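Work through the following exercises with the sequence and the coordinates at hand, and try each task before reading its solution.

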Amino acid sequence: MPFQRFAAHKPARVRKGVYQCGDHGSVASIDTALASGDAAAEAVLEDLT
Ligand SMILES: Cc1cc2nc3c(=O)[nH]c(=O)nc-3n(C[C@H](O)[C@H](O)[C@H](O)COP(=O)(O)OP(=O)(O)OC[C@H]3O[C@@H](n4cnc5c(N)ncnc54)[C@H](O)[C@@H]3O)c2cc1C
C-alpha cells in the first residue's frame with residue numbers, strides 16, 4: 001500500500017437510522033473497511049436496543 005496520512009474514522013452513525021462504513025471514512029485498506037463495518041453494526045445494534 002502507498003503511504004497514506006492517518007485520518008480519523010468518520011462516525012458510523014450519520015443520524016439515527018442512517019449509517020456509513022467503508023474505506024472512504026479513513027485510510028484506504030481492508031482493515032479500515034472491516035473496522036468501519038463493525039462500528040456501523042455496533043451503532044445499529046445500539047439504536048435497536
Ligand atoms: C489495486 C488495489 C489494491 C489494493 N490492495 C490492498 C492491500 O493489499 N491491502 C489492503 O488492506 N487494502 C488494499 N486495497 C484497498 C482495499 O481494497 C479497499 O480499502 C477496500 O476494498 C475498501 O472496501 P470498501 O468496502 O470500503 O469499498 P469497496 O471494496 O470499494 O466496495 C464498495 C462497493 O460499493 C459498490 N457501490 C459503489 N457505488 C454504489 C452505488 N451507488 N450503489 C450500490 N453499490 C455501489 C461498489 O461496486 C463496490 O462493490 C487495494 C485497493 C486497490 C484498488
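The exercises below concern a predicted model, and each task is followed by a solution in steps.

**Exercise 1. Overall architecture**

Determine how many helices and strands the protein has, and state which pattern they follow along the sequence.

Solution. Begin with the count, which gives one helix and two strands. Next, read these elements along the sequence, where they follow the pattern β-β-α. Strand S1 covers residues 13-15, while strand S2 (18-19) and helix H1 (30-48) are joined by a loop that contains Val27. Then consider the extent of the C-alpha atoms, which fill a box of roughly 40 × 15 × 10 Å along the principal axes. Finally, turn to burial and contacts: buried residues make up 6% of the 49 residues, and among contacts with a separation of 6 or more, 30% are between residues 24 or more positions apart.

**Exercise 2. Exposure of three residues**

Classify Val18, Arg13 and Val27 as buried, partly exposed or exposed.

Solution. Take Val18, which is placed in strand S2: it has 8 C-beta neighbours inside 10 Å, and because 12 or fewer is the limit for an exposed residue, Val18 counts as exposed. Arg13, in strand S1, has 16 such neighbours inside 10 Å and therefore counts as partly exposed. Val27, in the loop between strand S2 and helix H1, has 15 C-beta neighbours inside 10 Å, so that Val27 also counts as partly exposed.

**Exercise 3. Contacts and distances**

Find which residues Val27 contacts when its neighbours within four places in sequence are left aside, and do the corresponding search for Arg13.

Solution. For Val27, the search returns Gln4, Phe6, Ala7 and Thr32. Of these, Ala7 lies 20 residues from Val27 in sequence, with a C-alpha to C-alpha distance of 6.1 Å. For Arg13, with residues up to four places away not counted, the search returns Tyr19 and Ala43. As a further step, examine two pairs by their C-alpha atoms: Arg13 and Val27, 14 residues apart in sequence, are 18 Å apart in space, and Val18 and Ala33, 15 residues apart along the chain, are separated by 17 Å.

**Exercise 4. The ligand shell**

List the residues around the ligand, and divide them into nonpolar, polar and charged.

Solution. The first step yields Met1, Gly22, Asp23, Ala28, Ser29, Ile30, Asp31 and Ala33. The second step sorts this shell into four nonpolar, two polar and two charged residues. By the classes used here, Asp23 and Asp31 are charged, and Gly22 and Ser29 are polar.

Methods. Residues are numbered from 1 along each chain as its sequence is written. This is a predicted model: local features need pLDDT of at least 70, side-chain atom pairs count only at pLDDT 80 or more; totals for chains, interfaces and linings use all residues. A residue is near a molecule or strand if its C-beta atom, placed from the backbone, lies within 6 Å of it. Helices (H or I, at least four residues) and strands (E, at least two) are DSSP runs, numbered from the N terminus. A residue is buried if 20 or more other C-beta atoms lie within 10 Å of its own, exposed if 12 or fewer, and partly exposed in between; C-beta atoms are placed from the backbone. Two residues are in contact if their C-beta atoms, placed from the backbone, lie within 7 Å.
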